[in-house]
Structure formats: structure tokens, C-alpha cells
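User: I would like to go through this model by asking how each label is justified. Please set the values against the definitions as we go.

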Amino acid sequence: MRLPAPSLLRQNLLCASALGLLFLSAPFPQVQAVLHALLVLALAPRSEAPLVGALWALAAGWAVEGTLRLLPHLGGTAWADLTLVLFASWMAGRWPLEGLKGWLLRLAGLSVLHFLVVHAAVALAAGPHPWGWGWLWTLLSVPLWGWLSWRLLHAGSATGRR
Amino acid sequence: MWQSLALALLWVGHGVWVFLGPNPGRHWTSLADALSRPSQSLASRWQGWRSARRDAARSFAETRAENARLAAELAQLKTQAAQEAPALSEAEAAVRLLGLKRQIPLALASARVIFSTRPATYGGLILDRGADLGLVPDQGVFVPEGIVGRLWSVSATQAKVLPVDAPNASVAVMLMRSRATGVLQGLGSGRALIRYLSNQEVVQPGEAVLTSGLDRVFPRGLLVGYVAEVTQGDLELQVIVHLAAPLDRVSHVLLLPSQPPIEVQSPFLAPEQKVQRKRGKP
């Protein structure tokens with residue numbers, strides 16, 4: 001059974017909130033990594049409006065790199081986020097959601113892919129860099145932020161409840 | 001449509017921005033490096049080959065210059081050695097004369113041979129000292145190897161030596177073993193003939209011939225030469241003697257006093273074996 005897409009307003013509000021939290025969590029890189037993945041992989045993708053999601057993803061990427069203040073050339077994370085959000089949007093249109101389990105699996109796969117693409121793009125843009133452990137926190141906490149995003153995006157709809 | 005275009009522009013723009021990196025020129029530099037690597041390798045090899053050839057040429061030129069310098073130095077040394085050879089020879093002869101002079105208890109004088117007329121008929125040796133040194137005719141002349149002759153004429157500053165091998169020269173001699181005496185008469189070319197030796201005498205080739213002192217020119221016992229050939233004559237032995245003194249190469253001579261005593265200690269008494277070995281006889 002196909003789930004209806006959340007409203008654009010709700011999605012934008014959630015993205016804005018996540019972006020704000022992204023800035024606020026700059027002193028805590030692990031938390032920021034999780035919020036980053038939440039915004040890019042879960043909240044921003046929208047198959048009907050890929051441009052909006054792309055802008056949010058770009059904002060997320062620039063926000064992360066800007067607050068990190070570590071890389072000599074910014075833009076790698078933003079480009080990876082843009083790529084991933086476009087891919088996730090395409091996936092959302094190609095394979096519509098049917099339940100929380102599929103959603104969590106999709107987020108886990110996208111997290112791994114996001115981690116790889118981000119570091120590849122950053123390596124391309126800024127050269128060698130520390131990878132950190134944010135990817136592990138992100139992957140481990142997929143059930144948490146995946147469930148949270150599921151609730152936030154699809155709360156109120158009958159099919160959104162498990 | 002416009003959304004897709006905007007997305008494409010966004011993605012491509014960001015991608016280009018990411019790809020350019022912190023130093024956009026490095027990509028062009030690396031690309032140019034990759035493209036020019038073969039030519040750089042060739043140029044490097046070419047430069048290395050030229051450098052090696054230049055070094056080889058320089059070392060070759062240096063070697064040639066050193067060779068020329070060494071050749072010039074060798075020629076100079078040869079010339080110097082040739083120039084110094086007579087002086088060295090004279091010095092050596094002088095040293096030998098000095099040693100001989102110390103061995104003979106007589107008042108010996110020395111002189112230098114300044115000219116030789118031996119190739120001419122009745123030629124002789126011209127000494128650089130004459131009456132200025134108190135020389136008189138008939139003084140005996142000898143060198144460490146043996147007797148040379150006697151003074152034939154004396155001028156104020158020069159003297160002429162009549163060599164032993166001159167046809168008109170005669171020296172009283174005796175054979176070392178038999179002590180038989182005779183008169184040595186010159187035959188030229190460093191050879192002489194002993195006359196008045198009886199057929200009864202036993203003379204062997206290689207036997208030393210000494211002065212007998214009977215002519216009162218040379219004291220007894222100075223070496224004259226060695227017997228080279230012995231033939232039986234009708235009345236006397238024909239004994240050919242090779243003179244010991246190198247008359248053609250004499251540069252310094254010693255002069256005996258006039259009318260020396262018959263007996264003096266002879267410096268020339270050498271062992272017979274040594275004489276035979278020197279002459280190459282069995």
C-alpha cells in the first residue's frame with residue numbers, strides 16, 4: 001500500500017527545524033552527523049519537488065562544512081548531499097514507501113551510501129581528511145531517527161501509524 | 001522542466017566546484033604533467049646523454065692535455081738527463097780517480113782529457129794541464145781500469161798522451177802468473193803485442209798483464225790488460241793483449257810522478273778468477 005507524501009509545508013518546516021538544530025549541534029559532531037543524515041536522507045527528499053529538497057540538502061551540507069571549519073575547500077559535503085537527496089527523491093518516486101521497516105532499511109542503505117559519497121566528495125574537494133566516527137553513530141541510530149522522521153513526516157495520516 | 005535544469009545546473013556547478021578543489025590549477029598542472037611525461041622523459045635522457053658526453057669530452061681533453069704535459073715533462077727530463085750525463089760520468093770518474101789516488105802512495109796529479117786524436121795516425125790524448133802543473137814528458141798516465149800511456153809532449157797548459165796501443169808506444173810488462181817480462185807494443189784499437197817472450201813460457205788467454213816497472217815510467221804491478229791470444233812464433237811467443245783501460249772513453253786521468261819507484265803497492269792486483277770471469281773465458 002502506497003503512503004501519501006507529506007505536505008510541502010510540513011516538510012519544509014521540519015527541514016528548517018533540522019537545519020537549525022544542525023547549526024546548534026556544531027559543538028557535538030556525532031550529534032550533528034546524525035542530524036545531517038536525518039535532514040538529507042529522511043526529511044529533504046521529495047519526489048514531487050526535487051528542487052526544494054536539493055536546496056535543503058545544499059543548505060545542510062554547507063552548514064555542516066561551515067561549522068566544522070576544518071576543510072581547506074568547502075563544497076564537497078554539499079555536493080554529496082545534493083547527489084544523495086536527488087537519488088533519494090528518485091527512489092521515493094520509483095519505489096514508494098509501504099511501511100516503517102522498508103523506510104528504515106532504505107535509510108540504512110542511504111546512510112552507508114551517504115557516508116561513502118560524502119567522504120569521496122570531500123576527498124576530491126579538500127584532499128585527505130579525518131573521517132571521524134559520525135558515520136557509525138548515524139548508522140547505529142538509524143532506528144531512532146528513522147522512526148522519528150517517520151512519525152514526523154507521516155503523523156496524522158492513518159497509514160502513517162504502525 | 002525548469003526544475004530539472006536548475007537541478008542539473010546546481011549539481012554540475014557544485015561538482016565543478018568540488019572538482020576544482022582548493023587549487024584549481026593543480027588539475028591542469030597534473031594533466032599537463034601527465035601529457036608531457038613522455039617528452040620530459042625523452043628530454044631528461046637527452047640531457048643526461050649530453051651531460052655524459054660533455055663529461056667524457058672534458059675528461060678526454062684533460063687526459064690529452066695531461067698527456068701532452070707529461071710528454072713535454074718527459075722530454076725535458078730526458079734533455080736534462082742527457083745534459084747531466086757527461087757531468088755525472090765525469091763525477092763518477094773523478095770519484096774513482098780519487099779512490100785510486102788514495103790507494104797509491106805516490107804524489108799523483110790528475111788532469112782532464114780535453115781532446116782525442118787517437119783516430120789519426122800517431123794520435124793521442126790531449127790533457128788540460130801541462131807545464132803549469134809541473135808535468136814533464138814520459139810521466140805515466142793511468143786510470144782506475146788500467147794504464148793509458150805516457151806523456152809524449154808537454155806545453156805550457158796542455159800535454160799530449162801517447163796511448164799504450166799506439167804503434168810507437170812501448171811499456172815494460174810482465175805476466176801475472178809466470179812473472180815473465182816483455183815489452184808491450186801497441187797495435188791500435190785497444191790491442192797490443194807483447195814482444196820478447198820466450199817460447200818456453202806458458203801463457204794462457206785471460207791471464208792478466210801488469211807493468212814490470214823496468215821502464216821507470218810505471219811502477220810494478222799496474223794493470224795493463226789481459227791476454228787475448230797466444231801463438232807460437234819462431235823465436236818468441238806472439239801474445240796479443242786486450243788493454244784494460246778504455247782509451248776511447250777516458251775523461252779523467254791520473255799522472256804518475258816522473259821516474260817513480262819500481263815497487264809500490266799495486267791497486268790493480270785482482271784475483272785471477274775474477275779476471276777470467278770478466279773476460280768471459282771458461
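**Labels and their grounds**

Analyst: In chain B, strand β3 (residues 140–143) and strand β12 (residues 252–255) are joined in the antiparallel sense by 2 bridges, and B:F142 stands opposite B:L254 in β12(B). This is a predicted model, in which local features need pLDDT of at least 70 and side-chain atom pairs count only at pLDDT 80 or more, while totals for chains, interfaces and linings use all residues. Residues are numbered from 1 along each chain as its sequence is written, with chains lettered from A and ligands numbered from 1 in the order in which they are written.

User: What makes β3 and β12 of chain B a pair?

Analyst: Two strands pair if DSSP finds at least two bridges between them, and β3 and β12 of chain B have 2 bridges, so the pairing criterion is met. Strands themselves are DSSP runs of E with at least two residues, and helices are runs of H or I with at least four, both numbered from the N terminus.

User: Which strands make up the closed barrel of chain B?

Analyst: The closed barrel has 6 strands in the order β1-β2-β5-β4-β3-β12, with antiparallel pairing, and the twist from one strand to the next averages 45 degrees. Angles run from 0 to 180 degrees between N-to-C directions, with axes fitted to C-alpha atoms, for helices over the stretch in contact. Helix α2 (residues 25–103) of chain B lies across β1 (109–116) and β12, at about 20 degrees to β12(B).

User: How do you know that helix α1 of chain B has the span expected of it?

Analyst: The expected span is 1.5 Å times one less than the number of residues; for the 19 residues of α1 (residues 2–20) of chain B this gives 27 Å, and because the end C-alpha atoms are 26 Å apart, the two values agree. After α1(B) comes B:G21, with a positive phi near 70 degrees.

User: What joins β6 and β7 of chain B, and what joins β7 to β8?

Analyst: Strands β6 (residues 170–175) and β7 (residues 181–188) of chain B run antiparallel with 5 bridges, and B:M174 stands opposite B:T181. Their hairpin has 5 residues between the strands, where B:R179 takes a positive phi near 60 degrees. β7(B) also pairs with β8 (residues 191–195) of chain B in the antiparallel sense over 5 bridges; the hairpin of β7(B) and β8(B) has 2 residues between the strands, and B:S189 in the turn has a positive phi of about 60 degrees.

Conventions:
Contact = placed C-beta atoms within 7 Å.
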